[in-house]
Amino acid sequence: MPNTLIPNTFIQLAFQGKNQWWRYLLGSLLTLFCFQIVGGIVSIGLLITYVLSDGNSTTAMLDANSVGPAGLPVEGVAPLTLYVFLNLAFPFFLLGIYLAIKFFHGRSFRSLITPAKQVSWKRVLQGFVVFFGLKVIEIFVSYLLAPEDFTLNFQPQTFGLFVGLVFLFTPLQTATEELFCRGYLLQGIGSKLGPWMGILLPSLLFTLMHLLNPEVQTQENWQGVTSLVLYYFMVGAFLGWLTVKDKTLELALGVHAANNMATFLLVTSPNSVIPSPAIFSVSELKADFSLLFITAIFLWLFSVIVFRVMKQPALAD
């Protein structure tokens, strides 16, 4: 039976199926096994096979003490190729979530997204368009303030191919992270410990999932590392708050996809998690505590637009 102390209709979806705590533990372990072990073996294994057999003298395996792009022991792999191989793990991530919700909890996959009978793709699109637009404005302002930091990196043919790959793979990558952190875990923890714990604890996991990203590992001082750790936590908590407030996962799906797609397509750097053939490049992603202030303003603006300016689509009964 639903817990009347937790009135949020999104969190209440956890009670549609079997909701014991141990089911979430086993479901999480199964999901992470599918992603990190099975998906990791497939994606990295295929990448290594490609490097060893492509006949290209510029690609090679590195020694055990060296790492290349995205923290991998390879060098010379084109960004487009690297992007494809690294995203091959996410279908296994999605499979793990599906198996967990289907067999451990016995409820519909759609219940991870919305209490309505249909997903509102209009709401997903609202989140995507507003957030992507704000990212474009942010980058434009950054360029006006310090144009010397930016180098034009635009190669029409390569960029056109990359756009297609980004629209194919990035929504899958971001959706699986949202379905797991702000869907499965938020509902499970929130149904047991309340909405705020449902927001905060998955945000910690979301932060941990990003700590090995090259942009974190290559920071030169503790301020850079700390600001990025707090940045990831802030974004994760915001996406959780957004989901609880909107009572669906739809906005978070759009926001996460917009953020990553803008990052891949607009500005890249050598220490990005996956260096890309973006329109612009910067020499290095350096972080400091001003990042947190700018991000807070950015997220506040997004909230004002989607909750006060735009009309939320009616839920399908």
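In these legends, a residue is buried when its relative accessible area is under 20%, exposed when over 50%, and partly exposed in between (1.4 Å probe, protein chains only). The model is predicted, so local features need pLDDT of at least 70 and side-chain atom pairs count only at pLDDT 80 or more, while totals for chains, interfaces and linings use all residues. Residues are numbered from 1 along each chain as its sequence is written, and side-chain values use heavy atoms, with hydrogens and water left out.

**View 1. A buried salt bridge joins helix 5 to helix 9.** Helices here are DSSP runs (H or I, at least four residues), numbered from the N terminus. A salt bridge puts a side-chain nitrogen of Lys or Arg within 4 Å of a carboxyl oxygen of Asp or Glu. Arginine 123 and aspartate 246 make such a bridge, with their closest N and O atoms 2.8 Å apart. Because arginine 123 belongs to helix 5 (residues 121-145) and aspartate 246 to helix 9 (residues 222-246), the pair ties together parts 123 residues apart in sequence. Arginine 123 has a relative accessible area of 1%, and aspartate 246 has 3%.

**View 2. Two salt bridges lie within single helices.** The whole structure holds three salt bridges. In helix 5, lysine 135 and glutamate 138 are three residues apart, about one turn of the helix, and their side chains meet at 3.2 Å, N to O. Lysine 135 is buried at 13%, whereas glutamate 138 is partly exposed at 26%. In helix 6, glutamate 178 and arginine 182 are four residues apart, and their bridge is 2.6 Å, N to O. An α-helix has 3.6 residues a turn, so residues three or four places apart point the same way.

**View 3. Arginine 182 also sits over a ring.** Its charged end is 4.4 Å from the centre of the ring of phenylalanine 206. A charge counts as over a ring if NZ of Lys or CZ of Arg is within 6 Å of the ring centre and within 35 degrees of the ring normal. Both arginine 182 and its salt-bridge partner glutamate 178 are buried.

**View 4. Helix 4 turns one side inward.** Its buried residues are Phe90, Phe93, Gly96, Ile97, Ala100 and Ile101. They cover an arc of only 120° around the axis, taken from the directions from the helix axis to the C-beta atoms, which puts them on the same side of helix 4. Their cover includes helix 2, helix 3, helix 6 and helix 7. Leucine 94, also in helix 4, is partly exposed at 27%. Leaving aside residues up to four places away in sequence, leucine 94 touches Phe109, Leu172, Thr176 and Leu179 (contact means heavy atoms within 4.5 Å).

**View 5. Aromatic rings pair across the chain.** The structure holds 24 aromatic pairs; rings of Phe, Tyr and Trp (its six-membered ring) pair if their centres lie within 6.5 Å, with planes under 30 degrees apart called stacked, over 60 edge-to-face and the rest tilted. Tyrosine 24 and tyrosine 184 form a tilted pair, 5.1 Å centre to centre with 45° between the planes. Tyrosine 24 lies in helix 2 and tyrosine 184 in helix 6, so this pair ties together parts 160 residues apart in sequence. The rings of tryptophan 241 and phenylalanine 307 are edge-to-face, because their centres are 5.9 Å apart and their planes are at 80°. Tryptophan 241 is in helix 9 and phenylalanine 307 in helix 11. Lysine 245 lies over the face of phenylalanine 307, at 5.0 Å from the ring centre.
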